[in-house]
Amino acid sequence: MFLLQNLRLLNGKDITKLANHVRRVNSRKLTSKVTAHWKKFFRDQLPEKYTAEQVKSVKKKFLKSVQTNVVYGPSSLSEFTRWRVKMIAEEFLAQSLGLELSTDTEAEEKTDEDEEETTESPREAAEDVGQVTVTPNKRKRNNSKAGSGNKRSKSQANTEEEAVVNPQKSSHVQDDPAPDTPRTSNQPAKEATPEQGAEGTHKNGEQFPRGQSNRRSSQLTGEQKSQEENNGVVSLTPVKISKGKEDVSAEPLHFLQCHSKGNSREDFKTQLWSCVFEPLLDCGARKDPIVSSSRTVATCGGESVCLIDCETGTVLKKYKVVTEEFFSVAWTTLTMVIGDGRKKSHNILAAAGRRGIVKLIHVAADFCYGEIKAHKKPIATVCFGPTRETHLFTASYDKRIALWDIGIPDCDYNFKASQLLVLEVLSIPLRIALVPTCPDQYLLAGCESGCFAWNIKLDKEQKSRPFEAVFQFPDEDGAMTTSHRVDGLAFLNDDVIVSKSSKPGCIYVWSWSRSFDAKGKGCQRTVSAVILAELEWSMTDMSYLTLSTCPAKEYVFCGDEKGSVWMYSLSNYTTAWNSAKGKRSDKRIPPAQILKWPELRANGEQLTEILINNVVSDPTFTYLVVLTGVNITAIWKKS
């Protein structure tokens with residue numbers, strides 16, 4: 001179709017629309033990705049005055065890398081895409097560097113074809129919208145139950161779409177008919193065909209800003225700022241950075257407002273709730289040398305899920321479902337069979353929220369290939385099992401935690417999902433965590449009315465199970481209680497758990513094995529958590545300000561109601577805790593450092609107080625991503 005420009009009929013069928021997509025839309029998308037790949041990874045490799053040898057070397061690396069990492073559309077078109085990407089890349093180099101187009105490429109093609117195809121490492125930049133760094137006024141946190149909203153499904157995930165979610169109980173939602181409903185697990189796959197009209201409008205009528213490129217949140221000149229604002233993109237840098245008693249161990253890189261409803265720069269109400277760093281892929285022999293660690297993070301809030309490059313502040317991709325609110329995102333890596341029968345690892349992103357539907361997104365292909373109607377009420381959080389890549393847990397406001405096998409899609413994205421287990425909960429589950437030493441056997445959940453544990457072994461016939469243990473914690477008066485909200489829960493290592501409950505000014509550090517072993521001896525369902533230490537924290541009574549851990553560096557992170565991030569370094573304590581006779585720390589452990597929110601301004605207004613809903617670091621603690629209740633994603637980098 002691409003080579004035969006006048007072809008209109010094929011086997012007696014009119015292929016005009018499909019042919020136009022292949023010739024125009026496909027080429028436009030690939031050109032955008034190729035250009036972004038050059039700017040992100042190769043532009044800075046050439047000095048201002050370069051030699052022919054330098055150009056030749058960079059060109060060779062670029063052509064190899066761009067064919068490896070630029071992916072678009074179904075895998076059945078992978079060979080065509082690879083051919084087109086190389087053609088577009090050569091044309092791009094010819095235009096930008098004044099090179100002559102190569103006519104003898106057979107040797108290069110043969111070399112590439114002899115090598116095994118690698119998995120994608122760099123994230124290609126998409127035509128994304130609404131990347132903003134801002135400083136709004138103080139916005140009061142919405143403590144009411146999550147509002148209702150419909151999730152209008154889209155079969156195409158790479159359009160400029162947004163999603164946000166509140167992990168709070170949702171009110172009744174009146175569903176609107178979904179005009180573009182993507183395939184559920186038993187529906188046939190469809191090729192993603194995002195088409196854009198002349199006025200920057202999707203053919204389904206949805207408007208989005210035009211001419212916006214991915215931008216860094218660096219200081220702008222007046223002319224640059226004016227130009228970006230006209231495109232709906234605003235980038236501001238801190239006016240002043242507040243420093244604590246110690247030297248700042250992390251510095252702010254970017255402040256992004258990329259989850260705005262309708263890409264509005266005035267939206268400081270959308271709350272951001274969940275973020276997870278993309279796992280690294282095992283690329284085998286052809287591992288791309290450009291990227292050595294993951295710096296891509298998926299965030300959700302408002303109507304959208306965004307993929308952000310933490311170093312550059314670039315919003316790489318944005319997925320929007322207009323009537324949905326996403327509460328949670330999670331990554332898994334599936335080994336999929338591509339068009340020619342070969343197997344290849346791909347990262348899959350699951351996103352879920354208010355409508356109780358899990359969206360499955362093949363990020364590298366810019367394709368939301370399916371959905372699972374998991375619950376009739378909102379989904380608060382999701383996570384994949386670490387040992388079985390297709391096993392997905394969904395915790396819902398219907399007071400159930402379900403285990404699903406999402407299956408592995410074939411080359412046409414057909415897949416079959418099945419429910420394996422249902423865990424009965426006494427109240428709404430807010431956070432879930434699998435026990436690292438036995439992730440196929442026990443699951444912990446922090447809920448509105450306490451902390452619970454379940455046996456999740458699949459060798460039992462019982463498909464619906466009650467909890468096996470509920471943990472008691474000290475209340476404000478020192479008495480042990482099971483009735484308290486647990487809105488923060490994470491493992492620091494194989495045994496040590498960090499949890500945050502309703503006791504003001506305190507985060508508990510406790511032992512899973514010693515707590516649960518006590519239950520085994522007496523076979524009771526109510527057991528006292530063996531507290532190892534208490535961490536000093538804000539005295540606020542604000543709920544849903546969750547915590548996270550960085551096990552590799554033995555750090556704990558938790559935000560507060562004033563925009564600060566509390567960082568705890570526990571490496572000096574874990575050895576004693578892990579010993580058989582480890583004693584409880586007598587005094588509360590203070591934070592190693594508190595990162596203060598910088599002074600930011602937008603539209604002449606200063607943002608003085610911000611609620612930090614979530615704080616997550618990458619596995620090596622290079623980047624720290626901070627999600628707020630005022631539609632701002634802050635990215636810090638460890639200095």
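**Helix packing and the largest pocket**

Biologist: Is the crossing of α1 and α2 left-handed or right-handed?
Modeller: Keep in mind that this model is predicted. The crossing of α1 and α2 is right-handed.

Biologist: Great! How are α1 and α2 placed relative to each other?
Modeller: Start with the numbers: α1 covers residues 16–41 and α2 covers residues 52–69, and they pack at an angle of about 130° with axes 10 Å apart. An angle has to be over 145 degrees to count as roughly antiparallel, and 65 to 115 counts as roughly perpendicular. The value fits neither group, so α1 and α2 are oblique.

Biologist: Which residues of α2 meet α1?
Modeller: From the α1 side come Val34, His37 and Trp38. The residues in this contact divide into five nonpolar, three polar and no charged. Their partners in α2 are Val58, Phe62, Ser65, Val66 and Asn69.

Biologist: Now α3, please. At what angle do α1 and α3 pack?
Modeller: Helix α3 spans residues 78–97, and its axis lies 9 Å from that of α1. The two helices are oblique to each other, and their crossing is right-handed. The angle is about 60°.

Biologist: How many nonpolar residues are in the contact of α1 with α3?
Modeller: On the α1 side, the contact includes Val22, Leu30 and Trp38, and on the α3 side it includes Phe80, Ile88 and Phe92. Polar residues number five, and there is one charged residue. The nonpolar count is 11.

Biologist: And how does α2 lie relative to α3?
Modeller: Their axes come within 9 Å and cross at roughly 150°. Angles over 145 degrees count as roughly antiparallel. That is why α2 and α3 are described as roughly antiparallel.

Biologist: How many charged residues does the contact of α2 with α3 hold?
Modeller: Among the residues making this contact are Lys59 of α2 and Arg82, Lys86 and Glu90 of α3. Nine residues of the contact are nonpolar and two are polar. The charged ones number four.

Biologist: Let's move on to the pocket. What is the volume of the largest pocket?
Modeller: Its lining is made by 50 residues, and Val276, Cys383, Ile432, Ala490 and Thr549 lie nearest the centre. The volume of the largest pocket is about 1500 Å³.

Biologist: Which element gives the most residues to that lining?
Modeller: Several strands give two or more residues to the lining, among them β4 (272–277), β8 (326–337), β16 (429–434) and β33 (612–617). One of them gives seven residues, the most of any element, and that is β8.

Biologist: Last one! How many nonpolar residues are in the lining of the largest pocket?
Modeller: Sorting the lining by class helps here: 15 residues are polar and three are charged. The nonpolar residues number 32.

Definitions and conventions: Residues are numbered from 1 along each chain as its sequence is written. This is a predicted model: local features need pLDDT of at least 70, side-chain atom pairs count only at pLDDT 80 or more; totals for chains, interfaces and linings use all residues. Side-chain values use heavy atoms; hydrogens and water are left out. On a 1 Å grid over the protein atoms alone, a cavity is a set of points where a 1.4 Å probe fits but cannot get out, and a pocket is an open set with protein on both sides within 12 Å along at least five of seven lines; lining residues have an atom within 4 Å of a point. Grid points are joined across faces, edges and corners, and a volume is the space filled by probe spheres set on the points. Helices (H or I, at least four residues) and strands (E, at least two) are DSSP runs, numbered from the N terminus. Ala, Val, Leu, Ile, Met, Phe, Trp, Tyr, Cys and Pro count as nonpolar, Asp, Glu, Lys and Arg as charged, and the others, Gly among them, as polar. Axes are lines fitted to C-alpha atoms, for helices over the stretch in contact, and angles run from 0 to 180 degrees between N-to-C directions. Angles under 35 degrees count as roughly parallel, over 145 as roughly antiparallel, 65 to 115 as roughly perpendicular and the rest as oblique. A crossing is left-handed if the near helix is turned anticlockwise from the far one by less than a right angle, and right-handed if clockwise. Contact means heavy atoms within 4.5 Å.
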